Amino acid sequence: MEESDRDLIGRLARGDREALGPLMERHYRRLYRLSLSYLRDPDEALDAVQEIFVKAFQNAARWDGGAEVGPWLTRIAVNHSIDRYRRGRRRLAAETPLDEEAGDRDARLTTGDPSPERRVLGREVGERIASALRSLPERQRAVFVLRHYDELALEDIARVLDMSLGTVKSSLHRAVHRMRERLEGLR
Amino acid sequence: MRPWRHRGWRRRTGLLALGVLEGRAADEARAHVDGCARCAEERAGLRQALELAALDPVRTAEPPLGMPALLARVNARLDAAAAARSPLAWRPAWLLPAGALAASLAVLLLLRLPHPPSTTRSTPAVVAPAQVAVPEDVLGRMERTVTRAQTARYLDEAQDLLLTVAAPRPCARQSRRVDMEQEAERSRELLARRALLVGTSGQDVASARPVLRDVEYVLREVASLPSCARERDLQAIQREVSRRNLLMKIDLMTRELKG
């Protein structure tokens with residue numbers, strides 16, 4: 001019988017690294033996309049996923065046995081992505097014109113589509129969305145990403161981000177309006 | 001309708017477009033939007049924005065690395081983190097095998113050095129080494145093996161260092177800085193060893209030269225860091241390692257060198 005996520009975290013807490021494989025297998029794609037949607041850089045996102053599982057292993061002993069594993073990993077991912085994003089912004093502000101480097105990163109997100117037209121559209125959409133996301137304040141950005149990319153219920157978003165449901169709703173509302181403003185004219 | 005009341009509906013219209021309203025709240029919002037042209041326009045605009053956002057390629061992006069490789073990297077980071085916490089973390093683990101390699105090299109050199117003409121022929125024990133007949137091709141193979149083993153070990157240790165660099169400790173003396181003292185020192189040691197690697201300009205490790213160049217470049221960057229380094233400087237190095245796919249290249253090259 002397949003082990004549950006809780007069993008796997010229990011094994012990690014006892015220092016059993018063999019449990020990492022099945023846990024990663026179940027969650028790494030989702031966490032990669034979540035990190036990527038936040039960081040918009042495949043290399044950074046890949047690095048973030050590795051760090052998320054390192055942290056999961058290191059903190060497994062402190063995991064609250066009553067909590068769900070998925071949201072717990074999501075919380076690690078979001079906190080890690082926010083932290084990386086902040087550091088990245090500071091670095092970019094100091095080193096590179098934002099749009100130049102961001103454009104380069106966004107261009108790398110749109111590979112794999114066989115149709116040139118769709119690739120161009122995908123690239124344009126990706127760049128505009130990245131730019132729109134960058135314009136959001138941190139909390140709105142996190143709420144939007146969790147809702148739109150991870151498709152979490154509002155209650156789960158509230159738990160992951162340690163916010164009230166009302167705050168999640170108002171943040172999401174503001175985020176969507178801002179996204180709309182920034183994406184206007186794309187079609 | 002008074003503006004403040006409409007603002008309340010505006011929020012609900014947004015949530016309706018997002019599909020997060022349920023039951024009575026959703027019914028009420030729908031009923032309002034149906035009778036309010038401004039709200040209907042708002043909902044249509046928001047839906048369009050969300051449809052556009054749904055086209056974001058990130059939603060279906062695949063990690064550029066497969067699970068086995070990713071798992072190996074996570075395990076390597078955990079090893080590095082454990083080693084960094086260990087009081088023996090910075091013991092020169094390479095000393096013993098490097099010593100063995102140095103001894104092998106010394107034997108090889110002794111065997112290859114032209115011996116001075118013997119002035120006396122009365123002591124066979126003295127002339128014995130000169131009489132050891134090691135075929136040239138055997139010597140060549142031994143040298144090749146030693147060079148490749150040394151290079152592989154050097155790359156292995158450089159990889160360990162780069163993994164440690166990926167999980168820095170905060171600097172105790174300065175906030176928002178990371179402690180790079182040991183890593184910088186270790187990089188200098190590795191660079192010194194790199195300079196002593198013999199035979200890397202020959203054909204024996206020709207395929208490793210690009211990786212060696214990359215590793216050397218990154219080690220120089222790490223070696224130049226102050227003991228309490230700025231996070232962004234370290235991140236620039238980490239990005240460089242990532243951009244060059246250095247850890248993966250080292251892995252592949254080390255395996256190739258070890259045969």
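Q: What makes a residue of chain B count as buried, and what percentage of the 259 residues are buried?
A: In this predicted model, a residue needs 20 or more other C-beta atoms within 10 Å of its own to be called buried. Set against that cut-off, 24% of the 259 residues in chain B make it.

Q: And what does that cut-off give for chain A?
A: Chain A has 187 residues, and 45% of them are buried.

Q: How do you know how many helices and strands chain B has?
A: You count DSSP runs, with at least four residues for a helix and at least two for a strand. By that rule chain B comes out with 11 helices and three strands. Starting at the N terminus, the order is α-α-α-α-α-α-α-β-β-α-α-β-α-α.

Q: Why does the pattern of chain A have no β in it?
A: A β would need a strand, that is, an E run of at least two residues, and chain A has zero strands. Its nine helices therefore read α-α-α-α-α-α-α-α-α along the sequence.

Q: What makes a set of residues a nonpolar core, and which residues touch the most other members of the largest one?
A: The members have to be buried, of the listed nonpolar types, and joined through C-beta atoms within 7 Å. The largest such set holds 67 residues, and A:Leu20, A:Val49, A:Ile52, A:Phe53 and A:Val143 touch the most other members. Helix α2 (residues 20-39) of chain A is the top contributor to this core, with 10 residues. Another core, apart from that one, has 29 residues, including B:Ala208, B:Leu234, B:Val241 and B:Ile250.

Q: Which residues is A:Val143 in contact with, once neighbours within four places in sequence are left aside?
A: With C-beta atoms within 7 Å as the test, A:Val143 is in contact with A:Ile157, A:Leu161, A:Val168, A:Ser171, A:Leu172 and A:Ala175.

Q: How many residues does each chain bring to the contact between chain A and chain B?
A: Chain A supplies 43 residues and chain B supplies 35. On the chain B side, the elements giving two or more residues are α1 (3-18), α3 (37-54), α4 (67-85) and α10 (231-243). Of these, α4(B) has the largest share, nine residues.

Q: What is the make-up by class of the side of chain B that touches chain A?
A: That side has 21 nonpolar, eight charged and six polar residues. Gly goes with the polar class here, and Asp, Glu, Lys and Arg make up the charged one.

Notes: Residues numbered from 1 in each chain as written. Chains lettered and ligands numbered in written order. Predicted model: local features only at pLDDT ≥ 70, side-chain atom pairs only at ≥ 80, totals over all residues. Contact = placed C-beta atoms within 7 Å. Buried ≥ 20, exposed ≤ 12 C-beta atoms within 10 Å, placed from the backbone.
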